[in-house]
Amino acid sequence: MAATTQPTPFAASMAAEIDQLKRDRVYKRLNYLESPQGPRVRMEGRGEILILSSNNYLGLCDEPSVVQAGIAGLQTLGAGTASVRFICGTFAIHRTLEAELARFVGTESSLSFVSAWNANEGFTATVVGEGDAVLSDALNHASIIDSMRLAKAITKCTTAVYRHGDMDDLVAKLEATRGARRRIIWTDGIFSMEGSIAKLPSILEIARRFGAIVVVDDSHATGVIGETGRGTPEHCGVFGEVDVITSTLGKALGGASGGFVAGPEAVCDILTQRSRPQLFSNALPPTVASSALAAVQFVAAHPERVRTLRDNTRYFREQISEAGFKPLAGETPIVPIIVGETATAIQMSDMLLDEGVFVTGFGYPVVPKGEARVRCQLSAAHTRADLDQAIAAFKTVGRKAGIIK
Ligand SMILES: *Cc1c(COP(=O)(O)O)cnc(C)c1O
């Protein structure tokens, strides 16, 4: 049957909202890729493009052993689980993957979810109860924020937000929640818009003083920082000391999808028993569990990949500063270049794409007014030639846009 030509009132109201987004110049246009995620991709209508905005930090999206493990998983275990875990949807590969992930991030146990988003929501909404307090860094990821909203709606727990990285404000918020039954400090390991790193040693010291629990979402850090890629705790010298770590399989660890909560075995078991994404939604497909397992094994066996990422990061940060740009200082492969106005960031991003380099511009309200930025992300898969080409494109576009001389 042909589609009706007359939009329904519902469709028409949605279309009006879309028109408004376009008028406000905040409409997101999608770019379609026709090759695996990698330092260079084939983009529909544009040909070969250099990518500087993916989370493919270690280049594992098309790593042969990772891809082969996915194919083998598909052939031996089939396409999917066809059930939630406690009914008949748990595979031995889930247990193997979870043991490997726990070993990698330095915890007793771990439990996989279909995304880090699900892991965070499952964790907070399950573990936090009435009389508890959750304290959150102001720049925490949306999934943490939503997990707190959900927990609050269910349990009437207390929530508080401390200023980004501000330990005095964290202490003040802990002082203000002294009567709480259990207190949780939630923080990103690496903050995605700034590329900054959580002050874990201070946070842990403060938490111990107040008897609070520390939960770190290390999605941008697992496989990325620390001498051997074991994340923010390794980077900060507190490996094995964080109460609970959550992270994603959708970034450095192969980039497919999936997330996990890692911590004491009893915490993971409580989530198996009670978290609603575990009870009412299918587990990670065995194909993805298989490729993710190969990815984490690859990182454990190849710390030199992490070293290459670190070298690429240092080189790019040096060269882009030398070119006259102002990246936010830091050591992570997230390199935000502040350009000022939102329109400038969007224009830069468009002009860079015309030069064959894909980076995304972010403006208000994602970041504060006047601090719009293009956010570059480095990968171990970038060659020096890739990085030099990116720097050259930035120079061309930066001069045209009047950002550098
Ligand atoms: C990317 C990211 C997530 C979401 O990961 P998914 O597995 O894609 O749901 C959650 N938290 C943080 C900090 C992230 O950077």
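Select helix 14 (342-354) to begin, since this tour of a predicted model opens at the lining of the largest pocket, where helix 14 gives the largest share, five residues. Then add strand 12 (360-362) and strand 13 (372-377), which, together with helix 14, are the elements that give two or more residues to this lining. The pocket that they help to line has a volume of about 1,000 Å³. To find its centre, select Tyr27, Lys28, Arg29, Thr360 and Gly361, which are the closest to it of the 29 lining residues. If you colour the whole lining by residue class, 13 residues are nonpolar, 10 are polar and six are charged.

Move next to the second largest pocket, whose volume is about 310 Å³. Its centre can be located by selecting Phe123, Val127, Val244, Pro264 and Val267, the closest to that point among the 19 residues of the lining. Two elements, helix 5 (116-127) and helix 10 (265-274), give two or more residues to this lining, and the largest share, four residues, comes from helix 10. Coloured by class, the lining of the second largest pocket shows 10 nonpolar, five polar and four charged residues.

Keep helix 5 selected and add helix 6 (residues 142-155), the axis of which comes within 8 Å of the axis of helix 5, with a crossing angle of roughly 30 degrees. Because angles under 35 degrees count as roughly parallel, helix 5 and helix 6 are described as roughly parallel to each other. The crossing of helix 5 past helix 6 is right-handed. To show the contact, display Trp117, Asn120, Glu121, Thr124 and Ala125 on the helix 5 side, which meet Ala142, Ser143, Ile144, Asp146, Ser147, Met148, Leu150, Ala151 and Ile154 in helix 6. By class, the residues of this contact comprise eight nonpolar, four polar and two charged.

For the last stop, select helix 13 (residues 303-322) and helix 15 (residues 384-400), whose axes come within 10 Å and cross at roughly 25 degrees. Helix 13 and helix 15 are therefore roughly parallel to each other, and helix 13 passes helix 15 in a crossing that is right-handed. On helix 13, show the side chains of Asp311, Asn312, Tyr315, Phe316, Gln319 and Ile320, and on helix 15 those of Arg384, Leu387, Asp388, Ala390, Ile391 and Phe394, because these are the residues through which the two helices meet. Among the residues of this contact, seven are nonpolar, two are polar and three are charged.

Key:
Residues are numbered from 1 along each chain as its sequence is written. This is a predicted model: local features need pLDDT of at least 70, side-chain atom pairs count only at pLDDT 80 or more; totals for chains, interfaces and linings use all residues. Side-chain values use heavy atoms; hydrogens and water are left out. Axes are lines fitted to C-alpha atoms, for helices over the stretch in contact, and angles run from 0 to 180 degrees between N-to-C directions. Angles under 35 degrees count as roughly parallel, over 145 as roughly antiparallel, 65 to 115 as roughly perpendicular and the rest as oblique. A crossing is left-handed if the near helix is turned anticlockwise from the far one by less than a right angle, and right-handed if clockwise. Contact means heavy atoms within 4.5 Å. Ala, Val, Leu, Ile, Met, Phe, Trp, Tyr, Cys and Pro count as nonpolar, Asp, Glu, Lys and Arg as charged, and the others, Gly among them, as polar. On a 1 Å grid over the protein atoms alone, a cavity is a set of points where a 1.4 Å probe fits but cannot get out, and a pocket is an open set with protein on both sides within 12 Å along at least five of seven lines; lining residues have an atom within 4 Å of a point. Grid points are joined across faces, edges and corners, and a volume is the space filled by probe spheres set on the points.
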